[in-house]
Amino acid sequence: MTDNTRELAGFLAALRYDDLPEAVVARTEELFLDWLGSALASEGSHPIPLFERYARRMGPSDGACQVLVSGARSSAHFAALVNAASSHLVEQDDLHNSSVLHPATVVFPAALAAAQDLGKSGRELILASVAGYEAGIRIGEFLGRSHYRIFHTTATVGTLAAAVAVGKLLGLDQAQFVHCLGSAGTQAAGLWQFLRDAADSKQLHTAKAAADGLLAAYLTADGLSGAQNILEGEQGMAAGMSSDADARYLVDRLGSRWALLETSFKFHASCRHTHPAADALLALMQREGLGHADIARVTTRVHQGAIDVLGRVVVPQTVHQAKFSMGTVLGLIAVHGKAGLVEFDAFALSDPQVAAFRDKVGMQLDPEVDGAYPRRWLGRVEVLTTDGRQLQAAIDEPKGDPGNGLSRAELEDKFRRLLAFAGKRSADEAGVLIERVWRLHATDDLSRLV
């Protein structure tokens, strides 16, 4: 066992609620609200009903834990499974830049399910979630850029982040956290190949990560042993899933650097790799007074990760796949001024003007942008107008990044829009849920959060 794994496990075991700065507690509630809205927005949308049916068929007919989209009760395992799938569908869940990890969609489903199962309080849920974020982000950074090229980091690292969050609720000690990481890491999986075929695997990835992380933590608490060096061992995760792993990230400023505070909120309802270019194009069009018909060509100057993911989608076949098409996202921005849930649903596949603009958009690897990634996601666009002008725009912090973040008022507005998109809950119900989340730190009973 390496010192890095032991040190990380020791930090997780020793972490207490009173150790958390007020800003970390407040941001955790904000991230939780953002996650809850993403989960509820997918109610009734394919493929979430498939996960619900599976949970009803294979799980108990009642239980301590809540399936958010339906309100049904189940076991912690199946609640975590469905809630993780549902919160990763509409592409509005958070992202941590340098780890390229969506922490909320794996940490919160597992932590909430376990908290309801174990009768824990809101404070305990917050503490567990912070532990999951801090561990998951560092493990994602440790595995490096090469991991993300083939593996969906939210699926792989997400399994360990979920396990840590649940392990904290179960009160694991340092040695148990090492075992828990081992049992979670050996289950870690999730490949990007699905995106080429517009497959539904992305929701399966997060569903399994949350449920398998919960499985690892509960079994560890009951005495199951796991690999002692799952991260750095010669047959561990880095050996099999990375060519640029850096173990220093595993223990980077534990207890002083709160990585959770670095997490970004999503503004556009699309893959985060599209956001810098979307913001830059929107700024350029507003600055120059351009309409979409005034633009002959757009070149987005991007990092290699964007090419690896977005370059697989040429002509999207589904709305979800369209969210991974740089041309479609910029087409929605140019033609409709927004790339939100409503715009994707109404125009991404059916608007000929969006399709025409999509064909004008290209991606080009940019050394400056690639060098900054993944710590910073820079937006650079070059536009050729129909009258021959060559224009440029640059965005250094996309909307939603910590330096250009969403206020609580903006987060509340986003939450209301997410619920309105699903059309299952009233504005008054949205307001009640918002107030409940802002009081999460003072909540003793989580059994019926929604």
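Here is a short walk through one helix and the enclosed spaces of this structure. The model is predicted, so to speak, by computation: local features need pLDDT of at least 70, side-chain atom pairs count only at pLDDT 80 or more, and totals for chains, interfaces and linings use all residues. Residues are numbered from 1 along each chain as its sequence is written, and side-chain values use heavy atoms, leaving out hydrogens and water.

Let's start at helix H14, which spans residues 326-336. Helices here are DSSP runs of H or I with at least four residues, strands are runs of E with at least two, and both are numbered from the N terminus. In H14, 10 of the 11 residues are buried, meaning under 20% relative accessible area with a 1.4 Å probe and protein chains only. Among them are Met-326, Leu-330 and Ile-333. Just after the helix, Gly-337 takes a positive phi of about 80°.

Now look for the cavities, sets of points on a 1 Å grid over the protein atoms alone where a 1.4 Å probe fits but cannot get out. The structure holds 2 of 30 Å³ or more, a volume being the space filled by probe spheres set on points joined across faces, edges and corners. The largest has a volume of about 80 Å³. Of its 14 lining residues, those closest to its centre are Leu-95, His-102, Tyr-148, Trp-192 and His-273; lining residues have an atom within 4 Å of a point.

The second largest cavity has a volume of about 40 Å³. Its lining includes His-273 and Met-326, and helix H11 (275-288) and strand E3 (295-302) each give two or more residues to it.

Definitions and conventions. Buried means under 20% relative accessible area, exposed over 50%, partly exposed in between (1.4 Å probe, protein chains only). On a 1 Å grid over the protein atoms alone, a cavity is a set of points where a 1.4 Å probe fits but cannot get out, and a pocket is an open set with protein on both sides within 12 Å along at least five of seven lines; lining residues have an atom within 4 Å of a point.
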